[in-house]
Amino acid sequence: MKIVGVYSFNNGEDAVQKKYKKELDEVKQILASIDAKKHKTKKSKERAMRGKVLYSPRSLNKAISDGFLKMKWDKKRVLCDYPTQYYSKGYEPPKISKGAFREMDFIKNKLGIEVQFGKYSFMVYNVCAKMTIFHNLGFINAGIEIVPVKELAEDMSSGVSYFQQFVWDLEQRGISDIDIPVLILGVAP
């Protein structure tokens, strides 16, 4: 895979280049090692694309994950202890599994990585909520979000978002005082 789009959210590119050059080089190396064609294995069952062979997000994610784990990046899972004091008097909320958690795909030296080949809402959530949460918990200071560009998304299941749409959303949203620096990387086959 190749990086064909770069967007700096809240000075993310500058922050990552200055403080995490070694880690950014590893990210580039991992992505460059992925032969996307090997992951074009999903036979579509969608009416509009029935039978068409598409890129498999699951397979791409596994290959990318293997690359990060080989280079000693860690996954970080935080258990959620949900508050109960906000319910109306008399309402008895259902018991929530004690196994609820949030997870950052990869972390190394306080740089967080999220890989998203899904819906656009997850891209926005990763950058504008999850990375902020992991920063507030002391695990990361900056992040990188890896997403497909339109060219790659067109050969995935319908509804997969892409770099161009994501950048537009972030530009229209603007930056908040709680946002951390995030480098958005758009990848293509």
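Buried means under 20% relative accessible area. The legends below apply that cut-off to a predicted model.

**View 1. Strand β8 is mostly covered.** Strand β8 spans residues 182-188. Seven of its seven residues are buried. Look at how the residues of β8 point. V182, I184, G186 and A188 point one way. L183, L185 and V187 point the other way. Residues on both sides of the strand are buried.

**View 2. Strand β8 pairs with β1 in the antiparallel sense.** Strand β1 covers residues 2-9. Seven bridges link β1 and β8. To find your place, start at G5, which stands opposite G186 in β8. G186 is one of the buried residues of β8.

**View 3. Strand β8 also pairs with β7.** Strand β7 is made of residues 142-148. Here the two strands run parallel, joined by six bridges. Which residue stands opposite L185 in β8? It is I146. L185 points the other way from G186, the residue that stands opposite G5.

**View 4. Helices α1 and α2 cross at roughly 105 degrees.** Helix α1 holds residues 12-19, and helix α2 holds residues 21-32. Their axes come within 5 Å. Angles of 65 to 115 degrees count as roughly perpendicular, so α1 is roughly perpendicular to α2. From α1, V16, Q17 and K19 make the contact. From α2, the partners are K21, E23 and L24. Two of the contact residues are nonpolar, one is polar and three are charged.

**View 5. C80 and C128 form no disulfide.** The structure holds zero disulfides. Why is there no bond between the sulfur of C80 and the closest cysteine sulfur? That closest sulfur belongs to C128 and is 19 Å from the sulfur of C80, too far for a bond. A disulfide needs the two sulfur atoms within 2.5 Å. Seen from C128, the closest cysteine sulfur is in C80. C128 counts as buried because its relative accessibility is 14%.

**View 6. T132 sits in helix α4.** This helix runs over residues 120-136. Is T132 buried or exposed? T132 counts as buried, because its relative accessibility is 5%. Leaving out residues up to four places away in sequence, T132 touches V127, I178 and D179. Now find P181. T132 and P181 are 49 residues apart in sequence. In space, their C-alpha atoms are 9.6 Å apart.

Methods:
Residues numbered from 1 in each chain as written. Predicted model: local features only at pLDDT ≥ 70, side-chain atom pairs only at ≥ 80, totals over all residues. Heavy atoms only, no water. Buried < 20%, exposed > 50% of the residue type's maximum accessible area, 1.4 Å probe, protein only. Helix = DSSP H or I, 4+ residues; strand = E, 2+ residues; numbered from the N terminus. Pairing = 2+ DSSP bridges. Axes fitted to C-alpha atoms, helices over the stretch in contact; angles between N-to-C directions. Parallel < 35°, antiparallel > 145°, perpendicular 65-115°, else oblique. Contact = heavy atoms within 4.5 Å. Nonpolar A, V, L, I, M, F, W, Y, C, P; charged D, E, K, R; others polar.
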